[in-house]
Amino acid sequence: MNLIAAVDKNWAIGNGGRLLVSIPEDQRLFREETMGKVVVMGRKTLESLPGGQPLHGRTTVVLSRDPQFQPKGAVVCRSLEEALEELKKYPSEDIFVAGGQEIYELFLPYCDVAHITYIDYGYEADTRFPNLDESEEWRMLLAGEEQTYFDLCYEFRLYRRVKGLRK
Ligand SMILES: NC(=O)c1ccc[n+]([C@@H]2O[C@H](COP(=O)([O-])OP(=O)(O)OC[C@H]3O[C@@H](n4cnc5c(N)ncnc54)[C@H](OP(=O)(O)O)[C@@H]3O)[C@@H](O)[C@H]2O)c1
């Protein structure tokens, strides 16, 4: 199972229910990597998308404990266990855990690949991704060339789990 996230240099991911920054090339890559696949997200992240709608062209599995939450075009799971059962229908490599903080933390032990856009800037933030550079269970396999978007520098990184995968 994959994780996919854009993090800043402190591994922050969001503030006030929104992304820290939108980088068009990052959004393009997210779309390319997840198109036709399965994305897993928390209720708050789904609500942060344009119109609160699931992403076009992808199967969306959303977690919420609220029985009233029934978004159109998404499969709702009420617990981690229910979501893991639902996700057994799909090849593990086609599943992308797409945030936010609560959902990254919940699914991290079940994931073995992380697609990280690393932005070399520190934002004010209230949500974070687990710092994979400080984890003995993860190694960075690849880092792309440094890119720029106005005065921001960022790079695409691929991390792989080296031990401790929970199945
Ligand atoms: N930089 C990035 O790549 C990236 C990607 C995605 C999101 N984000 C940012 O992350 C922030 C949101 O993160 P967040 O942690 O606040 O929210 P979140 O993970 O998107 O959603 C949290 C919600 O998920 C549901 N949930 C969590 N654990 C559950 C469980 N075990 N069983 C059932 N439902 C469960 C609950 O919904 P209910 O309250 O409905 O029960 C909970 O309130 C936003 O700022 C967003 O922009 C950043």
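Modeller: Let's start with a rule: a residue counts as near a molecule if one of its heavy atoms lies within 4 Å of it. Keep in mind that this is a predicted model.

Colleague: Okay, how many residues surround the ligand here, and which are the closest?

Modeller: There are 27 around the ligand, and Ala 6, Arg 43, Thr 45, Ser 64 and Arg 65 are the closest.

Colleague: How does that shell divide into nonpolar, polar and charged residues?

Modeller: You'll find 11 polar residues in the shell, along with 9 nonpolar and 7 charged ones.

Colleague: And which polar atoms of the protein pair up with the ligand's oxygen atoms?

Modeller: For a polar contact, look for two N or O atoms within 3.5 Å. In the side chain of Arg 43, an N or O atom sits 2.7 Å from a ligand oxygen. The backbone joins in too: a polar backbone atom of Arg 18 is 3.1 Å from an oxygen of the ligand, and for a backbone N or O atom of Lys 44 the distance to a ligand oxygen is 3.5 Å.

Colleague: How much of the ligand does the protein bury?

Modeller: The protein buries 89% of the 940 Å² that the ligand exposes when taken alone. Two or more shell residues come from each of β1, β2 (12-15), β3 (18-19), α2 (43-48) and α4. The largest share is from α4, with 5 residues.

Colleague: Back to Ser 64, then. Is Ser 64 buried or exposed?

Modeller: The cut-off for buried is under 20% relative accessible area. Ser 64 has 7% relative accessibility, so it counts as buried. You can find Ser 64 in the loop between β5 and β6 (75-77). A polar atom of its side chain lies 3.0 Å from the backbone nitrogen of Asp 66. Leaving out residues up to four places away in sequence, Ser 64 touches Arg 43, Phe 69, Val 76, Cys 77 and Arg 78.

Colleague: What about the core? Which residues touch the most other members of the largest nonpolar core?

Modeller: A nonpolar core is built from buried residues such as Val, Leu and Phe, joined through side-chain atoms. The largest one here has 29 residues, and Leu 3, Val 40, Val 97, Phe 107, Ile 116, Phe 129 and Leu 132 touch the most other members. Elements giving two or more residues to this core include β1 (2-7), β4 (38-42) and α4 (101-107). Apart from it lies another core of 12 residues, including Val 39 and Leu 46.

Colleague: Which residues is Val 97 in contact with, beyond its sequence neighbours?

Modeller: Once you set aside neighbours within four places in sequence, the contacts of Val 97 include Leu 3, Val 40, Ile 103 and Phe 107.

Methods
Residues numbered from 1 in each chain as written. Predicted model: local features only at pLDDT ≥ 70, side-chain atom pairs only at ≥ 80, totals over all residues. Heavy atoms only, no water. Core = buried A, V, L, I, M, F, W, Y, C linked by side-chain atoms within 4.5 Å. Buried < 20%, exposed > 50% of the residue type's maximum accessible area, 1.4 Å probe, protein only. Helix = DSSP H or I, 4+ residues; strand = E, 2+ residues; numbered from the N terminus. Contact = heavy atoms within 4.5 Å. Polar contact = N/O pair within 3.5 Å; in protein donor to acceptor, adjacent residues only side chain to side chain. Areas by Shrake-Rupley, 256 points an atom, 1.4 Å probe, with all protein chains shown as cover. Nonpolar A, V, L, I, M, F, W, Y, C, P; charged D, E, K, R; others polar.
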